[in-house]
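Subject: Structure handover

Hello,

Here is the structure for your files. My notes on what turned up follow below it.

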Amino acid sequence: MTAFRDGQANALGTLLGAAIIAVVANGLTILGVPNYLQDIFTGLIIIGAVLVRNIGGRAA
């Protein structure tokens, strides 16, 4: 579940996040990137999303 606002679920955001990760993973597979690097990229995407959420939450 992703939270759009504090305490409110956002299923569309969850689907969008999963789609972005799947597209990136597919692209990395097509490019022949090793699996361990794909995991690193996925982790960086998740960390980036958390940072964007935290920075956006403080600004509002």
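To start with one residue, Ile-46 sits in helix α2. Its relative accessibility is 44%, so Ile-46 counts as partly exposed, the class between under 20% (buried) and over 50% (exposed). Between the C-alpha atoms of Ile-46 and Ile-21 there is a separation of 8.8 Å, although their positions lie 25 residues apart in the numbering sense of being 25 apart along the chain.

Please keep in mind that this is a predicted model. The mean pLDDT of the protein chain is 82, and 77% of the residues reach at least 70. Confidence is lowest in strand β1 (residues 3-5), with a mean of 60, and highest in α1, with a mean of 89.

Overall layout

The protein chain contains two helices and two strands. Read from the N terminus, the order of elements is β-β-α-α. Helix α1 is made of 20 residues. From its first C-alpha to its last, α1 spans 29 Å, close to the 28 Å expected at 1.5 Å a residue. After α1 comes Gly-32, which has a positive phi, near 80°.

Burial and surface

Of the 60 residues in the protein chain, 5% count as buried. The accessible surface of the chain is about 4800 Å², and carbon and sulfur atoms account for 71% of that.

Gln-38, also a residue of helix α2, has a relative accessible area of 12%; since that is under 20%, Gln-38 is buried. What does Gln-38 touch, leaving aside its neighbours within four places in sequence? Its contacts are Ala-25, Leu-28, Thr-29 and Val-33.

The nonpolar patch

A nonpolar patch lies on the surface, with about 990 Å² of accessible area together. Its members are Leu-16, Ile-20, Val-24, Tyr-36, Ile-40, Phe-41, Leu-44, Ile-47, Leu-51 and Ile-55. Which helix gives the most to this patch? That is α2, with seven residues; one of the patch members, Ile-47, is found in this helix. Both α1 (11-30) and α2 (35-59) supply at least two residues each.

In short, the points to take from the model are the β-β-α-α order, the 5% of residues that count as buried, and the nonpolar patch with its about 990 Å² of accessible area.

Regards

Methods
Residues are numbered from 1 along each chain as its sequence is written. This is a predicted model: local features need pLDDT of at least 70, side-chain atom pairs count only at pLDDT 80 or more; totals for chains, interfaces and linings use all residues. Side-chain values use heavy atoms; hydrogens and water are left out. Patches are made of residues with over 30% relative accessible area and no salt bridge: like charges are joined within 9 Å, nonpolar side chains (Val, Leu, Ile, Met, Phe, Trp, Tyr) within 5 Å. Accessible areas come from the Shrake-Rupley method with a 1.4 Å probe; for residues, only the protein chains shown count as cover. A salt bridge is a side-chain nitrogen of Lys or Arg within 4 Å of a carboxyl oxygen of Asp or Glu. Helices (H or I, at least four residues) and strands (E, at least two) are DSSP runs, numbered from the N terminus. The expected span of a helix is 1.5 Å times one less than its number of residues. Buried means under 20% relative accessible area, exposed over 50%, partly exposed in between (1.4 Å probe, protein chains only). pLDDT is the predictor's confidence in each residue, from 0 to 100. Contact means heavy atoms within 4.5 Å.
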